[in-house]
Each structure stands twice: as structure tokens, then as C-alpha cells.
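Trainee: I've got this one open in the viewer. Please pick a single part and walk me through it closely, with your cut-offs spelled out.

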Amino acid sequence: MSVTRREFNKTALLTGGAIALGGGSSLAGTEDVLRRAIPSSGEEIPIVGLGTNRYGVDTSDAARAPLRAALNRFRELGGTVIDTAPSYRTSESVLGDLIADLGIRDDLFVATKSDQSGGDAVAGQMQESLGKLKTKSFDLMQVHNLRGWQDAFPVMRKWKAEGRIRYIGITTSNAQQYADLEKIMQHEDLDFVQLNYSLEQREAAERLLPLAADRGMAVMVNRAFGGGRIFDAVGDSPVPDWAGEFDCSSWAQFLLKYALSHPATTVAIPGMTKTKHVEDNMMAARGRLPDAEERRQMEAFYDAL
Ligand SMILES: NC(=O)c1ccc[n+]([C@@H]2O[C@H](COP(=O)([O-])OP(=O)(O)OC[C@H]3O[C@@H](n4cnc5c(N)ncnc54)[C@H](OP(=O)(O)O)[C@@H]3O)[C@@H](O)[C@H]2O)c1
């Protein structure tokens, strides 16, 4: 039976096992995941991560079991990057419990945030996050929505020097903060910047994404689905056939592959609480990404919907 690359990937994903192609090449469930390098270190991370602003649930099994299944599937499919924040209600504690339960801390790249002002408050909040996440160190610590950045960066740099933070960054999801973020990016040495970028909201491509590339900062993309709103906007429209040319068979993959095909982006962190969404979205980390001409075609198609 002849198998296209897309069908092959889907089969590999659903079985999670190693499958051999006719030519003798062999791909395990995670080996074909696309990775990009963090510019400040060269460390490569998978291009699709997990956003957890909806992981702030209670302690009941009913609330936690679906999240445990989604997190486990994410890891099985080669995902490592997880983004959370103290302000996502109980998300850090829920993740700490689930990660410990699954025994996967060492496999993950855990990112959280600080939203305090004043050095002591920043340090205190980070100490609490270590406890909630049941970890000795953060892979990435970000200033949340620019809050208190002047006080936060010196504390974060001290923790980095002590080995308790590996990378430092800053986040926004609001175009009204772009001008301030641009100024910060121009004079602060940061490993990461996290921002919103989607077919619906492309402003970050005007100045921030090129600046991140110039300054050697990794870009973590949030809200590639506009918080889920874009699925309502596309409604029942089918994904165009030509999207198959870049191994894309769903709207979620279309949106993620658009964000991830900008040359400055490093990783996208779609929010996903359902296993079926994890399986769909992790396919966006496989196969080919659209080229510049295909990106223009995607924009024109989306604008005409
Ligand atoms: N300023 C900041 O620092 C900032 C701001 C916003 C977000 N963030 C981070 O970025 C992450 C992503 O943002 P977000 O979660 O607000 O928005 P998003 O990723 O644009 O959208 C998430 C929504 O899309 C749904 N979804 C996911 N995969 C899907 C699929 N394959 N098909 C259909 N629906 C799908 C999710 O449903 P289910 O949950 O049901 O799976 C959820 O309702 C957050 O979780 C957070 O970690 C950071």
C-alpha cells in the first residue's frame, strides 16, 4: 500500500510506535517532531508546546483526570515545553501534581511567570512557584505582561547565576503593550519573548518578530487560535486542499503552521485541555512548514473567509 507522508505521520502518531517506511527509514512516535534552537544557547526544543491557562482546576479526580490524560499524551507525542503562571488559578499546583504523578519532570521544559513588583515580592512568588511545580529550578521564568520588569530582571538574573533559572523572558498578549515591549527588548538581554501572533492578529510581525531575530531572542507564540475565537470565525469552512502540500489537515494545524512558519518564531503554546486537541495540534509539529508564498496564500484565504 502506498502511504503519503501525511498518512504515514498520522499512523505514527496514533500508534505512538516505530514504523518503517519502504526506504528503510524509521520514525518513532517522537523522532519526527520538528525542533528549533533557542538562539542564546543552541538548545533545541519541539516547536509545539502546551499552554495551561485552563489547568486551574480543583483537586477532584473528575477535574484532573482529563488534564492528566492530555499531559501524558502531549509527552508521548514528543512535547516538552509547558507554559503556566501563578495567575492561572491553581494551574501551577495542578501541573506540579500531575508531572510528579507521571514522573516526567526531567523530560519537560517548564516555563512560568512572575507578575510582582519589588525584588522581595518577585523572589517570594518564584519560591512559591518552585514549591507548587514541585521542581528545583525553572527552565524559563518570564515577566508576565511586563509587570514589574525593572525589579524582576535583576532577581531573575541572580537566580539564573545560581542555577535556579535556565532562561529569562517577558510576555504579552496585548498589542497595546507592543511599544513598551519593543523598548525593553532593545536594551535588555533576554533569552525569550512570548507574544500573541496568529492569522487573526499579525501585528507582531511588523516590528517585534524581526527585532527578536535581530536580538537573538527565542519567540514563544501564545494565542495562535485567538483564545479559540478563530475556530468560531472559520466555522464549517473546510481547510483548503492545498494545505495538504505542507502536511496540514485541520484548522488547528493551519493556524499553528502559520504562526510557526514565521522565521523568527521558535515555539507555539496552544492551550489544550483535551487529548483529541493534543493529538491534532502535535501534528503541526510534523511534516513541512509553509514557505513565504504559501504564507501569503494562507493570509489571503483567511482574509476572504
Ligand atoms: N500574556 C501572557 O503571558 C499570555 C496570555 C495569553 C495566553 N498565554 C499562554 O498561551 C497559552 C495559549 O493561549 P490560550 O489558551 O488563551 O489561547 P489559544 O491557544 O489561542 O486557544 C485555546 C483554545 O483553543 C482550543 N483548542 C486547542 N486545540 C484545539 C484544536 N485542535 N481544535 C479545536 N480547538 C482547540 C482549546 O480547547 P481545549 O482547552 O478544550 O483543549 C482552548 O479553548 C495559554 O494557555 C497560556 O499558557 C500567555
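Mentor: Sure, cut-offs as we go: two residues are in contact if their C-beta atoms, placed from the backbone, lie within 7 Å. By that yardstick, 77% of the protein's contacts with a separation of 6 or more join residues 24 or more positions apart. Keep in mind that this is a predicted model: local features need pLDDT of at least 70 and side-chain atom pairs pLDDT 80 or more, while totals for chains, interfaces and linings use all residues. Numbering starts from 1 along each chain as its sequence is written.

For the backdrop, there are 11 helices and 12 strands, where helices (H or I, at least four residues) and strands (E, at least two) are DSSP runs numbered from the N terminus. The C-alpha trace spans about 65 × 45 × 35 Å along its principal axes. Of the 305 residues, 42% are buried, meaning 20 or more other C-beta atoms within 10 Å of a residue's own, again with C-beta atoms placed from the backbone (12 or fewer is exposed, in between partly exposed).

Now the part I'd zoom in on: helix 7, residues 208–215, where L208, L209 and A212 are buried. Seen down the helix axis, these buried residues fall within an arc of 100°, so they line one face of helix 7; the arc is that of the directions from the axis to the C-beta atoms. What do they pack against? Helix 6 (178–187), strand 10 (192–196) and strand 11 (218–222). Just after helix 7, G216 takes a positive phi of about 70°.

Strand 11 deserves a look too: five of its five residues are buried, so the rest of the structure largely encloses it. In a regular strand, side chains alternate between the two faces of the sheet. Here A218, M220 and N222 point one way and V219 and V221 the other. Strand 11 runs parallel to strand 10, paired over five bridges (DSSP needs at least two to call a pair), and F192 stands opposite A218.

N222 also takes us to the ligand, being among the closest of its 29 surrounding residues, along with G51, F225, A252 and G271; the criterion is a C-beta atom, placed from the backbone, within 6 Å. Helix 10 (residues 275–282) gives the largest share of that shell, three residues.
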